[in-house]
Amino acid sequence: MSELENKKNAEHLFRFKSIGIFLAICLAALTSRLFFLQVVMADEYTTMSDRNQIRILSTPARRGNIYDKNMQELAISKPIYAVALISTEIDDKEDVAKTLSGLLQDPEITPEFILDKIKTHVRSYEPIIIKRFAYEEGLSIITQIEEMRVDLPGVMIMEEPTRYYPMGSLAGQVIGTVGLISADEQDLVENYGYSYNDWIGKTGLEKTMERFTVDGKEIGLRGKKGAQKVEVNAKHRPVATRSTQDAVTGNSIKLTLDSNLQRVMEDTLVEVIGKIQKTRPKAQAGAAVLMDVKTGGVLAMVSYPFMDPNDFATGLSKEKTAYYWDENLKPMFNRAVSGTYPPGSTFKMVTAVAAVAFGGWDPNERINCTPSAWVQPKAKCPRAHGNVNMYEALGVSCNNYFQEIAKRAGSDALYQAGWQLGLGHTTGIDLPGEAAGLLPNEEWKNQRFSGWEQQWRLYDTYYMSMGQGYNLFTPIQMANYIATIANGGKNMQPHLVDQVLTEDGIAIWTFEPVVQGELSLTSEQLALIQRAMLEVTTGRNGTARSLFANFPADIKVAAKTGTAQTGLVGDDKDKDYHGIFVAYAPYDDPQIAFAGVMEYGFHGGSSMGLVCKAVFEEYFGLNSVPLPDELPESME
Amino acid sequence: MIEKRYLKNIDWVFVAMVAALLVVNLVILKSASTNVGSDSFYYVKRQLLWIVLGLIALVCVLFFDYQYFARISPLIYGVNLLLLVGVLFMPAQKGAHRWYDLKFMDFQPSELAKILMIICFACFLAKREHEMGEWKNILAAFAFMGLPMLLIFAEPDLGTSLVFVAILFAMLWVGGLPPKVMLWFILIILFAVLFIFFVLFFYTDGYQHLPEELPWFIPLKGYQLTRLIIFINPEMDPLDTGYHMIQSEIAIGSGGLWGKGYGKGSQVQGNFLPEHHTDFIFSVAGEEWGFVGSFFLLALYFGILARAVMIAYRAKDLLGSLIVVGVAAMFGFQIFINAGMTIGIMPITGLPMPFLSYGGSSMLINMLALGLVLNVNMRSAQRLF
């Protein structure tokens, strides 16, 4: 071989070797990048891949039931059907929207409505609920949809637990409503594990007991959502289930409320209002509370006009919206805890307590009620009551007497007594939206007004002593105030929830009665005031003397009527009065206390007094006497 | 005709590796295409059909001595140019004039042009053996290859025209281009690439958005520049091109060392990774077979390439060497670009993975190219130096 050829061969080899080396470099480059992705970064990419394909689908938990004290069902969960669609599975959205809208035959659900829902739905792999049906109502439409499966890709029928209230509007505002979580409840979504498709308690006990927590442990109605880990494809359609965590049913609650008493209270209230409306068309609303004086447990609580929570369980329909949003009637509003009313003469026991406890007043001392004693700015009595002591004065509701003892005790004594009796501050009942009411005093007036009005004047004390002026209290406060007098001076915390039960009915929490404060009165002193209240129903001239006439001797009723100027702008000062009635029984061994207000009911005794009577009769198992057809114009 | 000794010359290791690759292709394609059509074997069956047709074409190629192709190379060159010019007058599909509509299939002349030009350019260089140090020859070589390349670039089909660049330089190198000149070319190419990215950097505020106007001194189309920008910053376009890149990297990265298992790649089976039975099929191997599997696949590819280079080295004459090197360059470039694209070190181009991506015409062309390699291989004889 020549040298030239050798050289040529060497060059030939060099050129091919260099290609080999070049190939090796390329392979090394690809391999090292592969190594980086698949070995070094594997965990990060696995996480990203999981995020791509793993979705947590939540399964709703069945909400706990609500029972009355006799385990009657007040709120339960039952399945309803929902027509839903998964947008990612639909190619021709307009076509499906048109077909579906035609099927549902609901004027609200237009094709545009459906398309709009699709557009605004964020999590496209979750079904969008178009319409919910009660079981019976939806059956025919569901059958039609099933038959048209082929023309309705992505449309599905979902069964979901929904709230049902077997007793309808009974204690509606107390039980409350559930509703779809709203956009302004973002806090719940962020901090309490809700999602925007969830139904939550919106009002009443449904709201307060939603996430009821004891010692840091949540034992409320909502339970715990289940989770299903599913694998989805790029179209978000689930292809496999990885793991399932079952939903935990929420705990049930047993109330102190007695549905029989509740029904009697509601029915009588409706009946009485109906009768009063004949002469007083403004009388359209009322509220009443019946309470166990020993425990503070609420046995019945009514707010009229009624609200049926079933109307909200699948979303409020258009026809009913007008009723529920009526500015005057406000059926959603629980007047028993959120409505505040002037107490009128029912406040006079506060005045009595103030005079005895803080003014050193002797209840046996007499004050002469004659026109000559009615000096300005004192309010007059309808007629002269003569020389009366406390029993007689309360029995006939003598304005002169109570103005006089209030003047002697001073306004601060009134305030202190009211406060101790639970007025002017929330009672702590387990319902949302409780109003604090208003128990005025000098300091309050000073801050509230300016100029000449700023000063607390004698007439303020006078007005206050009769429950007029600035006083405003809720029916629950009134009932609690009467209960405090009845039970010997213990201000109990009113409550509705007695026990929290598991799904199987085992009590895991029981309410322990809470004494919130005690009255600064000896039992002898209190007994005097109690006796004075008895005078109202038993005294010769008692303002409610005929009301409980049919009651047996061992069930005596202590009571007080009230007729309060509404204090509202536009009302006639001489005609428009709220009728207020408070009572407790039996006088000898107090068990229950009642407080009721009828807006524009004029007289307490002839309005709420009748409701009280019917409820007491039911409670004590007495033969009820039907209401007279024509209510007496006045029983005071 | 095929003489008996030819069979003895055949590099059976090379053949075996190619056969193994074809088997791997069918296996991985089954997993990659299961969720594409209603029949989970549809693509596998069609691919198998094309492999059989391709093998027939390959055998046909073996019957003609490559010297014969060289003799008719002016004719081949002419026909090739006609096809490439003609296609520019065809109606545009997907915005490009790349295809002839042959009713039963779309014919892409640029695919065929790759092997036609390998033959013609091999002949061109073989005629100028030992003369490639002269500038006039170098320039002539550029013109010779540049003409069809420009036509393809005009279709537009940047990916395929870049394959021609790879073929050009690989064959020039084996054809005797002086190392110094080669080095200069490499530096120029590197500079050109850096220049493009450098210019784009300023036109897009550091690849944060698309350029408002095209820099005139970069002879690329808007969408081509867009792809380059997205290659640097895939997050900019997380729904389209960037989405492909991101999902491909997720697929491969989440495969880990051993992979998620055959048919169990969630990125693929869940359709998160688009084009997973065509352009992104390498990602399927990466996800389901992991680092181990994808490395072996790459090793198989580079083994085939290395074997081809050895065949070229042992070829009977320079013409044979050049043809084989041209084919190897064509494959090598596509493999590197395609695999590089799936792992995020190359921008997205429409180049399929040879012998792995689903596609009839490219399978046919690749088989013909293999035919050329074996054609040279079996006629290599014992070359005496």
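Strand S14 of chain A is mostly covered, with seven of its seven residues buried. The structure is a predicted model, and this strand is a handy place to start looking around in it. S14(A) pairs with S13(A) in the antiparallel sense, and six bridges hold the pairing. One of the matched pairs is easy to pick out: A:Leu290 has A:Ala300 in S14(A) as its bridge partner. The two strands make a hairpin, with five residues between them. In that turn sits A:Gly296, whose phi is positive, at about 85°.

The hairpin is part of something wider. S13(A) also pairs with S23(A), again antiparallel, through seven bridges. Here A:Met291 stands opposite A:Ala593 of S23(A). Put together, five strands of chain A line up as an open sheet in the order S14-S13-S23-S22-S21, with antiparallel pairing. S14 and S21 (residues 558-565) of chain A are the edge strands, each pairing on one side only. From one strand to the next, the twist averages 5°. As a general point, the strands of a sheet pair through backbone hydrogen bonds, which can be parallel or antiparallel in arrangement.

So what about the helix that goes with these strands? Helix H9 of chain A covers residues 259-279, which is 21 residues. From its first C-alpha to its last it reaches 31 Å, close to the 30 Å expected at 1.5 Å a residue. Its buried residues include A:Leu261, A:Val264, A:Met265, A:Thr268, A:Leu269, A:Val272 and A:Ile276. In an α-helix there are 3.6 residues a turn, so residues three or four places apart point the same way. Polar-looking names turn up in the buried set too, A:Gln262 and A:Glu266 among them. The cover over the buried residues of H9(A) includes strands S3 (73-85), S13 (286-292), S14 (298-304) and S23 (592-598), plus helix H21 (608-620), from chain A. That list brings back S13, S14 and S23, which sit in the five-strand sheet described above.

Stepping back to the whole of chain A, there are 21 helices and 23 strands. Of its 636 residues, 45% are buried. Taking the contacts between residues at least 6 apart in sequence, 74% join residues at least 24 apart.

A:Glu231 gives a close-up of one such spot in chain A, in strand S10 (residues 226-232). This residue counts as partly exposed because 18 other C-beta atoms lie within 10 Å, while 20 or more would be needed for it to be buried. The C-alpha of A:Glu231 is separated by 8.7 Å from that of A:Asp50, although the two are 181 residues apart along the chain. Setting aside neighbours within four places in sequence, the contacts of A:Glu231 include A:Gln53, A:Ile54 and A:Arg242 in its own chain, and B:Ser266 and B:Gly270 across in chain B.

That leads to the meeting of the two chains. The contact takes 33 residues from chain A and 34 from chain B. On the chain B side, helices H8 (158-174), H11 (241-255), H12 (266-269), H13 (281-313) and H14 (318-342) each supply at least two residues. H13(B) gives the most, with twelve residues. By type, the residues on this side split into 20 nonpolar, 13 polar and one charged.

As for confidence, chain B has a mean pLDDT of 90, with 98% of its residues at 70 or more. For the complex, the predictor gives an ipTM of 0.94 and a pTM of 0.66.

Terms used. Residues are numbered from 1 along each chain as its sequence is written. Chains are lettered from A and ligands numbered from 1 in the order in which they are written. This is a predicted model: local features need pLDDT of at least 70, side-chain atom pairs count only at pLDDT 80 or more; totals for chains, interfaces and linings use all residues. Helices (H or I, at least four residues) and strands (E, at least two) are DSSP runs, numbered from the N terminus. A residue is buried if 20 or more other C-beta atoms lie within 10 Å of its own, exposed if 12 or fewer, and partly exposed in between; C-beta atoms are placed from the backbone. Two residues are in contact if their C-beta atoms, placed from the backbone, lie within 7 Å. Ala, Val, Leu, Ile, Met, Phe, Trp, Tyr, Cys and Pro count as nonpolar, Asp, Glu, Lys and Arg as charged, and the others, Gly among them, as polar. The expected span of a helix is 1.5 Å times one less than its number of residues. Two strands pair if DSSP finds at least two bridges between them. Axes are lines fitted to C-alpha atoms, for helices over the stretch in contact, and angles run from 0 to 180 degrees between N-to-C directions. pLDDT is the predictor's confidence in each residue, from 0 to 100.
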